[in-house]
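I open these notes with the empty spaces in the structure, and then turn to the sheet and its helices. My starting point is the lining of the largest cavity.

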Amino acid sequence: MTNDLFLRRKWTLRAHGEQIVFVKRANERREHVLMKAFLWALYLPDYSDLAVEVGVNSRYRPDVSAVGPYGTPRFWGEAGHVSPSKIHYLVHHYRSTHFALAKWDTALAPFIEIVGDARADVEGNASFDLLRFPPDS
């Protein structure tokens, strides 16, 4: 993607007949904004109520989320850096939530192990997707 496609602060993106505006903060990498946009676009067909950077009554705020009727997240998407302690917290507190973790040009093997360790003692039916976006995404 060329630099002339990026506005300084706001990016309007469209997918599946929907449109959303992403606000790029000054200290935020463009790859982080793109990963949030990709997560939103990839999971929008399954979760028509996806929101970006909206709190879900939790200790943490997801990058992309969809919330069920009782305020519990049905989908939780994270883009970029996520600590092992945060992954552990999420899988233990939201046992039926569908998670997606997106990385930019990063090997996923260490995160497979981190997620596996976090889920080892958790009963539930939550799925956890790991996505890697290449640098030319």
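**Entry 1: the cavity.** I sorted the lining of the largest cavity by class and found eight nonpolar residues, no polar ones and one charged residue. The model I am reading is a predicted one. I then listed the lining by name: Trp76, Glu78, Val82, Ile87, Leu90, Phe99, Ala100, Leu101 and Phe128. The elements that contribute two or more residues to this lining are β5, α2 (84-93) and β6. I noted that β6 supplies the largest share, three residues. For the volume of the largest cavity I recorded about 40 Å³. My search of the whole structure returned one cavity of 30 Å³ or more.

I added a general remark on the approach. A probe the size of a water molecule, rolled over the atoms, reveals where empty space remains.

**Entry 2: the pocket.** I next looked up the largest pocket, which has a volume of about 150 Å³. Its lining consists of Arg29, Glu31, His32, Met35, Gly80, His81, Lys103, Trp104 and Thr106. Two or more lining residues come from each of α1 (30-43) and β6 (98-104). The largest share, three residues, belongs to α1. By class, I entered two nonpolar, four polar and three charged residues for the lining of the largest pocket.

**Entry 3: the sheet.** In what order do the strands of the open sheet lie? I wrote down β3-β4-β5-β6-β7, five strands with mixed pairing. The edge strands are β3 (51-52) and β7 (128-133), each of which pairs on one side only.

I followed the pairing from β3 onwards. Strands β3 and β4 run antiparallel and are joined by two bridges. Ala51 has Ser65 in β4 as its bridge partner. Strand β4 (residues 64-67) then pairs with β5 (residues 73-79), also in the antiparallel sense, over four bridges. Within that pair, Ala66 stands opposite Phe75 in β5, and Val64 has Gly77 in β5 as its bridge partner.

I also inspected the connection between these two strands. Strands β4 and β5 form a hairpin with five residues between them. In the turn, Gly71 has a positive phi of about 85 degrees.

As a general point, I noted that side chains in a regular strand alternate between the two faces of the sheet.

**Entry 4: helices on the sheet.** Which strands does α1 touch where it packs on the sheet? I listed β3, β4, β5, β6 and β7. The direction of α1 makes about 145 degrees with that of β6. Helix α3 (residues 109-119) packs on the sheet as well, touching β6 and β7. The direction of α3 makes about 165 degrees with that of β7.

**Entry 5: confidence.** I closed with the pLDDT values. The protein averages 89, and 94% of the residues score at least 70. Among the elements, strand β1 (residues 10-15) has the lowest mean pLDDT, 87, and β6 has the highest, 97. I kept one general caution: where pLDDT is low, predicted coordinates should not be read in detail.

Technical notes
Residues are numbered from 1 along each chain as its sequence is written. This is a predicted model: local features need pLDDT of at least 70, side-chain atom pairs count only at pLDDT 80 or more; totals for chains, interfaces and linings use all residues. Side-chain values use heavy atoms; hydrogens and water are left out. On a 1 Å grid over the protein atoms alone, a cavity is a set of points where a 1.4 Å probe fits but cannot get out, and a pocket is an open set with protein on both sides within 12 Å along at least five of seven lines; lining residues have an atom within 4 Å of a point. Grid points are joined across faces, edges and corners, and a volume is the space filled by probe spheres set on the points. Ala, Val, Leu, Ile, Met, Phe, Trp, Tyr, Cys and Pro count as nonpolar, Asp, Glu, Lys and Arg as charged, and the others, Gly among them, as polar. pLDDT is the predictor's confidence in each residue, from 0 to 100. Two strands pair if DSSP finds at least two bridges between them. Contact means heavy atoms within 4.5 Å. Axes are lines fitted to C-alpha atoms, for helices over the stretch in contact, and angles run from 0 to 180 degrees between N-to-C directions.
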